[in-house]
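Student: Please take one part of this structure and look at it closely with me. I would like to see how its pieces fit together, step by step.

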Amino acid sequence: MKKLVIVGCGRLAAIVADAIVNGLLSEYDLIGVYSRTAAKADCIVSKMQQSGRSCKACTTLEDLLALKPDYLVESASPAAMKALALPALKNGTSIITLSIGALADESFYKEVTEAARVNGTRIYPVSGATGGFDVLRTVFLMGNASASFFNEKGPDALKGTAIYDESLQAEQRVVFSGNAVDAIGLFPTKVNVAVAASLASVGPEKMKVSVQSTPGFTGDTQRVEIKNDQVRAVVDVYSKTSDIAGWSVVNTLINIVSPIVF
């Protein structure tokens with residue numbers, strides 16, 4: 001059995017826990033969780049205990065890593081990813097991360113890449129609410145590729161960001177146009193998928209990103225386009241909720257242990 005822990009115990013972490021309880025991740029044992037909100041961690045622990053499994057709610061990252069997990073699922077924030085990545089990798093723990101935006105920081109990217117190499121561990125950026133990483137990577141490797149990413153949200157999803165104002169409730173507007181580095185700086189938890197797509201292809205600085213706010217719109221549209229002299233590919237995904245991100249973690253965990261990898 002592979003020993004698994006989770007950092008960040010919200011809705012997406014609950015999807016992973018449910019997958020273990022329901023037998024979709026039969027090769028994993030969820031041994032510990034850590035969250036800034038103790039009640040959320042306790043909820044997952046209770047879920048595991050009700051299914052006859054033992055799981056510890058840890059109060060610090062150090063306590064979590066002391067359990068010597070093989071894999072850590074990060075579903076908290078880019079800031080949390082930056083705080084836990086090096087300690088986890090040096091602990092012999094590989095990371096499945098939803099906060100891919102942290103990897104847009106070039107120095108951090110290089111640092112964790114080297115730490116993973118030295119310690120025989122890996123970082124698995126999951127696709128979240130987008131997809132097509134295989135074709136993005138393939139077209140990029142063919143050479144002379146350019147790529148763009150379009151994200152459509154409702155105005156309520158932009159509340160709490162620097163660009164929100166009440167006029168967005170009545171007016172459709174492109175609220176950001178730039179590259180993936182600038183996008184994740186402005187929207188730290190909103191455009192992780194844009195960074196993920198850029199890392200699979202042309203890189204955060206070369207990935208053109210636009211974010212559109214549409215009144216009354218629910219959910220997210222994520223559209224990535226990549227092209228070179230021979231190929232043009234478009235991956236267009238609409239998701240009403242964020243659940244697809246949690247399920248992309250489940251898929252990644254299955255692929256890690258599967259003899260056939262999709």
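Tutor: Strand 10 (residues 220–227) and strand 11 pair in the antiparallel sense, with 8 bridges between them; here two strands count as paired if DSSP finds at least two bridges between them. Helices (H or I, at least four residues) and strands (E, at least two) are DSSP runs, numbered from the N terminus. The model is predicted, so local features need pLDDT of at least 70 and side-chain atom pairs count only at pLDDT 80 or more, while totals for chains, interfaces and linings use all residues. Residues are numbered from 1 along each chain as its sequence is written, and side-chain values use heavy atoms, leaving out hydrogens and water.

Between strand 10 and strand 11 runs a hairpin of 4 residues, and one of the bridges sets Arg 223 opposite Asp 236 in strand 11. If you follow strand 11 (residues 232–239), its side chains alternate, with Ala 233, Val 235, Val 237 and Ser 239 pointing to one face and buried, where buried means under 20% relative accessible area, exposed over 50% and partly exposed in between (1.4 Å probe, protein chains only). Arg 232, Val 234, Asp 236 and Tyr 238 point to the other face and are not buried, so Asp 236, the bridge partner of Arg 223, belongs to this second group.

Further along the chain is helix 9 (residues 243–257), whose axis comes within 8 Å of that of helix 1 (residues 11–21), the two crossing at roughly 40°; axes are lines fitted to C-alpha atoms, for helices over the stretch in contact, and angles run from 0 to 180 degrees between N-to-C directions. Where these helices meet (contact means heavy atoms within 4.5 Å), helix 1 brings residues including Leu 12, Ile 15 and Val 16, and helix 9 brings, among them, Trp 247, Val 250 and Leu 253.

Helix 9 also lies across strand 1 (2–7), strand 2 (28–34), strand 4 (71–74), strand 5 and strand 6, and runs at about 145° to strand 5. These strands belong to an open sheet of 6 strands, with parallel pairing and the order 3-2-1-4-5-6. Strand 3 (56–58) and strand 6 (123–125) stand at its edges, each with a single partner strand, so one side of each has no neighbour in the sheet. On average, neighbouring strands of this sheet are turned by 25° against each other, direction ignored. At one edge, strand 5 (residues 94–97) and strand 6 run parallel, joined by 3 bridges, and Ile 95 has Ile 123 in strand 6 as its bridge partner.
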